[in-house]
Amino acid sequence: MRAGFLLAILFLAGGYSYLAFSELPYLSSAGRLGPGFFPRIIGASLVVLCVYSLYADARAARPGEARSPYWRTAVVVALLTAAFVVLLEVLGGLASMIVFMAAALALLNRGRHLQNALLALLLPVSLYFLFVVWLNAALPRGMIPLPF
Amino acid sequence: MDVFANLLLGLSVAVTPLNLAWLFIGVMIGMIVGIIPGFGPAAALAILLPVTFGMEPTGAVIMLAAIYYGSQYGGTITSILLNTPGESSSVASTFDGYPLAQQGRAGPALVMQAVASFVGGTLGVILITVLAAPFTLLTRSFGPPEFFLLVMMGLLTLIVMVGGNWRYGVISALIGFALGTVGVDLETGQSRFTFGSAEMIGGIDFIPIAIGLFGLGELYHAFYTGLHVTGTGGIVQYQKERRFWPELRDYVETRYALLRGSLLGFCIGVIPGAGATVASLMSYTLEKSVSKTPEKFGKGAMAGLVGPEAANNAASSGAMVPLLTLGIPGSASTAVLLAAFVLWGLTPGPLLMAQKPEFAWGLIASMYLGNVALLALNVFAIPLFVQMVKLPYRILAPAVILVCTIGTYSVNGSIIETALMLAAGVFGFFMKLHGFSPAALVLALVLGPLAEQSLRQSLTISRGSLMIFVERPMSLWIIGVAVAVLLAGVALRRRKQLI
């Protein structure tokens with residue numbers, strides 16, 4: 001699994017290096033160090049170090065760590081967060097917060113319906129007033145804006 | 001004399017009712033953040049940064065700084081009562097803090113850690129007060145080579161001292177540097193890695209990355225390890241003890257450990273990248289080596305608790321020196337503080353103290369008051385914080401995700417930045433899972449533009465010669481300190497394996 005993560009970084013580092021070497025000049029038109037100077041060093045170093053780490057890890061041949069029995073929960077919570085981000089501009093700040101809290105608590109705090117309902121309602125409303133009313137911050141209004 | 005005048009100016013700023021209120025809120029939040037395992041001050045600072053946008057800059061920075069040093073106090077409560085450090089800097093406090101609690105001395109251990117934290121924190125602030133101005137004068141002679149070397153020293157120290165595998169630490173820092181190159185090149189005006197997106201021209205904002213890595217990434221990892229099911233374990237029931245207060249011999253036996261820990265912690269805190277965790281572990285090693293009864297360490301030696309506690313609090317004060325005088329943060333938490341400074345148009349560095357004395361000295365003066373408030377809170381409000389340890393993670397985590405997401409969106413009203421935070425969260429989870437260093441990534445992201453600019457300027461001045469980095473006396477000093485710190489780091493890593 002660690003090798004997969006390193007390969008993903010290597011892939012991104014390869015793309016970064018390609019752009020740094022192909023599109024960004026090493027020297028500027030004035031003959032000074034240009035916009036490609038630093039990215040080339042960083043990209044090349046990343047690629048070399050990732051390849052070396054893959055080699056060193058493979059040589060060490062450490063036994064892979066067992067997957068945690070709770071990995072599904074972590075995945076579902078991450079997916080819920082992604083859904084929350086998507087819903088922000090569809091339902092608006094307040095409604096999407098309520099939907100996210102209700103869904104997350106239904107998954108994590110099972111069986112406590114009244115507690116979950118209260119938390120799913122009160123916390124988003126408090127945050128809405130903190131950000132929108134007190135801090136005057138911009139929260140997404142959604143397709144059907146609230147009247148207040 | 002100037003010092004007292006500056007301090008009085010600072011106190012006049014810090015003791016306004018509003019700033020006192022922000023200070024108190026900051027230390028309370030810091031304590032809570034310190035207590036919650038798996039949720040560090042860097043995440044809390046990044047998440048709360050948007051909340052402070054409506055505040056006056058001095059009050060906001062006073063509150064954020066209080067969260068930072070307050071978390072050093074809170075992290076030890078769980079170290080003593082649960083054998084679970086709330087912060088990485090409280091790991092050393094578990095070695096003797098938990099055995100003391102098991103022996104029925106949790107009360108004295110909690111009070112002594114509060115006293116040690118207070119002494120370390122306050123001595124650290126006294127040293128800032130005395131040394132900040134001379135340090136500022138010294139740093140005015142720094143040029144591009146010195147700044148480049150300082151950035152490199154900070155990152156290397158962080159990687160060698162704190163990180164696990166050094167290769168993963170360097171890869172993390174390089175990713176941070178790479179992200180820091182996105183946007184317009186300031187010298188030539190050419191766009192880099194923007195893919196034609198107008199939102200990317202200004203570069204990758206630091207806040208969504210920090211919130212994602214330290215907020216969401218930590219939470220996902222906590223779910224992965226089952227913290228929402230297992231909870232934080234059993235708490236030692238200190239309330240039932242008859243003897244809550246320490247005995248006179250506790251103070252007498254640990255008086256030198258207090259001083260040693262404070263001075264060592266401050267010196268380590270000043271070095272960019274070293275930080276409170278390194279300070280506390282070094283202090284533990286030092287106390288064990290100078291003790292007449294080293295065999296008691298690990299079995300409930302009060303000096304083994306007091307030394308590291310004084311050290312980590314003094315280090316968090318010391319870390320303010322390079323931040324205020326050079327604009328160079330030494331850790332992820334101080335990197336967020338730097339971002340806060342910049343957001344309010346304040347430029348930390350040699351000119352900050354001269355141009356904005358009311359801000360700089362207001363912050364320093366507030367740290368004295370903050371440490372007093374934290375001492376009182378630690379001694380008298382421990383039952384309240386113990387209740388917070390019992391707050392179920394399955395309820396706390398969704399609430400934190402909510403604040404992370406809404407907080408990120410509210411900064412610029414950008415859904416792209418919110419999506420970036422989510423991506424950083426998933427990436428942060430894998431980084432933590434595989435032993436990479438999110439702190440090195442964030443520090444490199446913040447310092448990347450400075451590193452690039454100072455490297456290019458240095459090489460332009462020297463016409464491409466790298467000798468510029470070893471020809472100047474100040475550069476040589478920095479290299480000397482870096483080598484010493486790195487050697488100490490290697491020694492500490494070996495020692496950590498032995499402890």
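The following exchange goes through a predicted two-chain model and asks what supports each description of it.

User: What makes the predictor's confidence in chain A and in chain B something one can state in figures?

Analyst: The pLDDT, which runs from 0 to 100, averages 88 over chain A, where 94% of the residues score at least 70. For chain B the average is 85, and 95% of the residues score at least 70. Among the elements of chain A, the mean pLDDT is highest for α1(A), at 94, and lowest for α5(A), at 88. The model as a whole scores ipTM 0.92 and pTM 0.83.

User: How is chain A divided into domains, and how far apart do the C-alpha centres of domain 1 and domain 2 lie?

Analyst: The domain assignment places residues 2-60 of chain A in domain 1 and residues 71-134 in domain 2, and the C-alpha centres of these two domains are 39 Å apart.

User: How many residues of chain A are in contact with chain B, and what makes a pair of residues count as a contact?

Analyst: Two residues count when their C-beta atoms, placed from the backbone, lie within 7 Å, and by that criterion 54 residues of chain A are in contact with 49 residues of chain B. The side of chain A that touches chain B draws at least two residues from each of α1 (2-23), α2 (37-60), α3 (71-91), α4 (93-108) and α5 (113-134), with the largest share, 11 residues, coming from α3(A). By class, that side of chain A comprises 40 nonpolar, 11 polar and three charged residues.

User: Why are α5(A) and α20(B) called roughly parallel?

Analyst: The axes of α5(A) and α20(B), the latter spanning residues 393-412 of chain B, cross at roughly 25 degrees and come within 11 Å. Angles under 35 degrees count as roughly parallel, and therefore α5(A) and α20(B) are described as roughly parallel to each other. The crossing in which α5(A) passes α20(B) is right-handed.

User: Which residues bring α5(A) and α20(B) together, and of what class are they?

Analyst: From α5(A), the residues A:L119, A:L123, A:P124, A:L127 and A:F131 meet B:I395, B:A399, B:L402, B:V403, B:I406 and B:S410 of α20(B). This contact has 10 nonpolar residues, one polar residue and no charged residues. Serine is not among the residue types that count as nonpolar or charged, so it falls in the polar class.

User: Why is α2(B) called oblique to α18(B)?

Analyst: The axes of α2(B), residues 17-35, and α18(B), residues 357-380, come within 10 Å and cross at roughly 50 degrees. Such an angle falls outside the ranges for roughly parallel, under 35 degrees, and roughly perpendicular, 65 to 115, which makes α2(B) oblique to α18(B). Here too the handedness can be given, since α2(B) passes α18(B) in a right-handed crossing.

User: What residues make up the contact of α2(B) with α18(B), and how do they divide by class?

Analyst: In α2(B), the residues B:N19, B:L23, B:F24, B:V27 and B:M31 meet B:S366, B:L369, B:G370, B:A373, B:L374 and B:L377 in α18(B). They divide into eight nonpolar, three polar and no charged residues, a count in which glycine is classed as polar.

How values were computed
Residues are numbered from 1 along each chain as its sequence is written. Chains are lettered from A and ligands numbered from 1 in the order in which they are written. This is a predicted model: local features need pLDDT of at least 70, side-chain atom pairs count only at pLDDT 80 or more; totals for chains, interfaces and linings use all residues. Domain bounds come from an automatic or database domain assignment. Helices (H or I, at least four residues) and strands (E, at least two) are DSSP runs, numbered from the N terminus. Axes are lines fitted to C-alpha atoms, for helices over the stretch in contact, and angles run from 0 to 180 degrees between N-to-C directions. Angles under 35 degrees count as roughly parallel, over 145 as roughly antiparallel, 65 to 115 as roughly perpendicular and the rest as oblique. A crossing is left-handed if the near helix is turned anticlockwise from the far one by less than a right angle, and right-handed if clockwise.
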